[in-house]
Amino acid sequence: MQGRICLVTGATSGIGKATAMALARLGAAVILVCRDAARGREVARDIRAATRSQAIDVLVADLSLQSEVRRLAADFARQHGRLDVLINNAGAMFPQRAESAEGIEMTLAVNHLAPFLLTNLLLDQLRAAGHGRVVNVNSDEHEKGRVDFDDLQMRRGYPRRGIGMRAYGNAKLANLLTTYELARRLRDSGVTANAVHPGYVATNILPFDKASGPVRMLKPFWHAARYVILSSEQGAATPVYLAASPDVGNLSGLYFQNRAPIASSAASRDPELQRRMWDISEQLTAG
Ligand SMILES: NC(=O)c1ccc[n+]([C@@H]2O[C@H](COP(=O)([O-])OP(=O)(O)OC[C@H]3O[C@@H](n4cnc5c(N)ncnc54)[C@H](OP(=O)(O)O)[C@@H]3O)[C@@H](O)[C@H]2O)c1
């Protein structure tokens, strides 16, 4: 990865931090996208110290806001003429329905519309790399996702209890549908787009602290489970493989787990749904 430029979102924690660390070890120049500048600087320091690489930079953006996604893309484009790898890793769950300051439901904003918009804004730089790769960190929760084009932002039926899993599954399905559509649109461009389920990884992704109702009682089990499920480093293995391995340089429009393509849900593979999700995502990010 020497000389390659990689942008990793959600690099302050979990899979994103481990991915950035691994790519730096492989010699890539890594740009960490973080919403908190101080934490970003701290992670950059950790990665420089662990890898002895000086090619670690930080860009700051709250990805729930499209205005910040646009500023992020502009900041990147000012500094770099090309992008070899874009890893859309940042993700979040919201136990209570909330909207961003721009009026977009938060789960959809962070898990789907942010990577959708960021990728589209950076396509020129990915094309300029000649062999650009887009890696979308998805989830097997997409299998439980549903598409309701009349209520994509779940104004109706957002569960009052729980940790926001239903909205998360829906947003991950939207992300996967548009990953496939992107791969189709980029056919013959040299740029690839793939998605990955990282496995069950001990990170900060489950917001038990903000949940209400009986689901809070699961918190101790999650803490216990953290010792037996994957580490962040193990969770980063497939994203890093998709970013770096020559074996997958020409593969696009696939969903990976454990470094191998697997079948995603039937709904995610429906071309009509993919096209419609693309169109509505364009409308929702039109600015
Ligand atoms: N862990 C699992 O078992 C699992 C399973 C399937 C899929 N995934 C996916 O893996 C990806 C990484 O998650 P993780 O498990 O590593 O969770 P994590 O430890 O919670 O990390 C999530 C990252 O996303 C960032 N982020 C969240 N909201 C953001 C926003 N509005 N703007 C900018 N950055 C934001 C977080 O920043 P802060 O540090 O500032 O909060 C953090 O760096 C996610 O896409 C998740 O859906 C995880």
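1. Two strands are said to pair if DSSP finds at least two bridges between them. In this predicted model, strand E4 (residues 85–88) and strand E5 (residues 133–137) run parallel and are joined by four bridges. Within this pair, Ile 87 stands opposite Val 135 in E5.

2. The wider sheet is open and has eight strands, in the order E3-E2-E1-E4-E5-E6-E7-E8, and its pairing is mixed. At the edges are E3 and strand E8 (260–262), each of which pairs on one side only. From one strand to the next, the twist averages 25 degrees.

3. Two helices that lie across strands of the sheet deserve attention. H4 lies across E4 and E5, and runs at about 170 degrees to E4. Helix H6 (residues 165–185) lies across E5, strand E6 (192–196) and strand E7 (255–257), and its direction is at about 155 degrees to E6.

4. Helix H3 (residues 66–79) consists of 14 residues. Its span from first C-alpha to last is 20 Å, close to the 20 Å expected at 1.5 Å a residue.

5. Which residues of H3 are buried? They are Gln 66, Val 69, Leu 72, Ala 73 and Phe 76. These residues lie on the same side of H3, because they cover an arc of only 115 degrees around the axis. In general, an α-helix has 3.6 residues a turn, so residues three or four places apart point the same way. On the other side of H3, Ala 74, Arg 78 and Gln 79 are exposed.

6. The buried residues of H3 are covered by elements including strand E1 (5–9), strand E2 (29–34), strand E3 (56–60) and helix H4 (106–121).

Methods
Residues are numbered from 1 along each chain as its sequence is written. This is a predicted model: local features need pLDDT of at least 70, side-chain atom pairs count only at pLDDT 80 or more; totals for chains, interfaces and linings use all residues. The expected span of a helix is 1.5 Å times one less than its number of residues. A residue is buried if 20 or more other C-beta atoms lie within 10 Å of its own, exposed if 12 or fewer, and partly exposed in between; C-beta atoms are placed from the backbone. The arc is that of the directions from the helix axis to the C-beta atoms. Two residues are in contact if their C-beta atoms, placed from the backbone, lie within 7 Å. Axes are lines fitted to C-alpha atoms, for helices over the stretch in contact, and angles run from 0 to 180 degrees between N-to-C directions.
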